[in-house]
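Student: Hi, could you go through a structure with me? I'd like to take the ligand, the rings and the cavities in turn.
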Amino acid sequence: MMMKDYSYLHLDESTDPEGYVVCEYRVTTDMPMENAASAIAAEQSTGTWTGISTLRDDVFERYGARVTRIEGDLVEVAYPAEDFSIDVGGVPQILSVIAGNLFGLESIGKLRLEDVRFPSCIQEQFSGPRFGAEGLRRILGRPEKPLVGTIVKPKIGLSPEDTAEYVYEAGAGGLTNSKDDETLVDQRFCPIEDRTKAVAESLDRLKEEGHRMVHAVNISTGGHRILELAEKVQSWGAKQIMVDVITCGFAAVQALAEDPSIKVPIHVHRTMHGAITRDPLHGISMLAITRLVRMCGGDALHIGTLGVGKMSGGKGDHDSLEACLDGGSPYATVMPVCSGGVYPGMVGRMIEESGMNVQIQAGGGVAGHPGGVRSGARGMCQAVDAAFLGVHVRDYAEDHRELREALDKWGIK
Ligand code: 3PG
């Protein structure tokens with residue numbers, strides 16, 4: 001039987017951005033780049049490793065992906081919008097197309113999905129953040145200043161009562177946010193029901209004293225239980241939930257964001273992302289991950305520390321920041337969260353990088369303060385106030401004791 005040789009290269013043609021999902025890949029290969037790019041487009045749409053008798057012209061024309069640009073090691077592939085499921089697909093099916101088998105192709109050494117753009121017919125299937133950065137600010141009554149938070153430390157081992165006491169102290173010191181850490185969900189030493197109820201009491205107490213604060217309860221668990229757990233923690237008094245997007249999946253974020261019974265913002269942690277984002281030549285960029293989190297409805301997302309803290313994110317942190325706040329997106333903005341090795345002496349530099357629309361949070365940088373959690377919280381708030389007022393942290397520390405003590409311990413970065 002005759003097999004037709006179809007070409008996936010359309011380098012001189014322009015494609016209608018409304019008709020395609022457009023991906024940019026960085027490709028490392030010993031093959032000629034045209035061949036590598038064609039192999040990607042074929043594998044991810046109508047082709048395979050050999051010609052096939054069942055591929056008709058009309059199927060190829062309508063559903064075949066197109067290589068639309070090759071520049072050095074960057075390759076652009078446009079996938080027809082019709083290649084994507086309409087009603088029941090969601091992110092898993094999208095990822096199977098744009099980031100699926102291609103990562104295992106023997107002929108391609110390394111491959112990185114750098115960016116992805118969706119046409120409006122796909123964007124319309126997602127509702128984006130229900131609260132987003134603005135919604136969080138509204139809940140907290142903090143329209144302009146950066147949000148400032150903590151991660152309860154140690155990340156495991158505290159009882160529900162210890163956790164609630166930590167949260168109360170952090171709020172009494174002025175913090176707007178606190179959260180469970182990524183490894184804490186429902187261990188025997190800290191059952192989630194007892195913890196959520198105890199923390200809710202602390203937050204109520206703070207509210208009575210005139211301070212608004214939210215705490216994100218980590219509900220990261222199996223897909224069959226996550227909605228049920230989210231509903232339960234809400235009924236126990238949670239004002240925010242947290243989900244680890246890489247370990248639980250984008251679909252978990254989407255399920256929570258779109259379920260009408262969930263009425264609190266979703267804080268998205270990115271633990272394990274380094275396995276996917278860290279190699280500059282392989283994996284998936286934080287930019288692409290952020291676009292997906294925003295589309296799926298995350299209200300706040302960890303973006304790293306913009307080259308200042310303990311997590312090494314490189315350019316990806318800045319790309320993620322931009323994608324959280326990008327005005328060209330049809331969705332509400334996501335609150336970017338700078339987290340990982342943060343302490344008061346680095347807040348000024350971080351805010352120079354991020355601008356004021358950011359949540360800055362510190363675990364060790366609060367709990368490690370010589371005066372304890374309340375003083376640590378004050379030190380962080382004072383550092384944010386200094387940056388907000390445009391005063392150098394060293395000058396601001398002269399009449400702000402807790403900040404001074406933090407600078408004496410950790411210095412200024
Ligand atoms: C996080 O969730 O970002 C980390 O647990 C931060 O903890 P740290 O501020 O103590 O580094």
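Tutor: What follows is a talk through this predicted model, taken topic by topic.

Student: OK, which residues come nearest to the ligand?
Tutor: There are 14 residues around the ligand, and of these Lys310, Ser339, Gly341, Gly363 and Gly364 come nearest.

Student: And how do the residues of that shell divide into nonpolar, polar and charged?
Tutor: The shell around the ligand holds 7 polar residues and 5 charged ones, together with 2 that are nonpolar.

Student: Which side chains have an N or O atom by an oxygen atom of the ligand?
Tutor: Ser339 is one of them, with a side-chain N or O atom 2.5 Å from an oxygen atom of the ligand, and for His269 the corresponding distance is 3.0 Å. Lys179 also takes part, since a polar atom of its side chain lies 3.4 Å from a ligand oxygen.

Student: How much of the ligand's accessible area does the protein cover?
Tutor: On its own the ligand has 320 Å² of accessible area, and the protein covers 90% of that.

Student: Switching to rings, how many aromatic pairs are there?
Tutor: The count comes to 4 aromatic pairs, and one aromatic cluster is formed by Tyr6, Tyr8 and Phe60.

Student: Which charged end sits over the ring of Tyr168?
Tutor: That is Arg205, whose charged end is placed over the Tyr168 ring at 3.6 Å from the ring's centre.

Student: Last topic, how many cavities are there, and what volume has the largest?
Tutor: There are 3 cavities of 30 Å³ or more, and the largest has a volume of about 50 Å³.

Student: What lines that largest one?
Tutor: Its lining includes Val152, Pro154, Asp180, Asp181 and Phe189, and the residues of the whole lining divide into 6 nonpolar, 3 charged and 2 polar.

Definitions and conventions
Residues numbered from 1 in each chain as written. Predicted model: local features only at pLDDT ≥ 70, side-chain atom pairs only at ≥ 80, totals over all residues. Heavy atoms only, no water. Phe/Tyr/Trp six-rings, centres within 6.5 Å; stacked < 30°, edge-to-face > 60°. Lys NZ or Arg CZ within 6 Å of the ring centre and 35° of its normal. Near = heavy atom within 4 Å. Polar contact = N/O pair within 3.5 Å; in protein donor to acceptor, adjacent residues only side chain to side chain. Areas by Shrake-Rupley, 256 points an atom, 1.4 Å probe, with all protein chains shown as cover. Nonpolar A, V, L, I, M, F, W, Y, C, P; charged D, E, K, R; others polar. 1 Å grid on protein atoms, 1.4 Å probe; cavity = no way out; pocket = protein on both sides within 12 Å on 5 of 7 lines; lining within 4 Å. Points joined across faces, edges and corners; volume = space filled by probe spheres on them.
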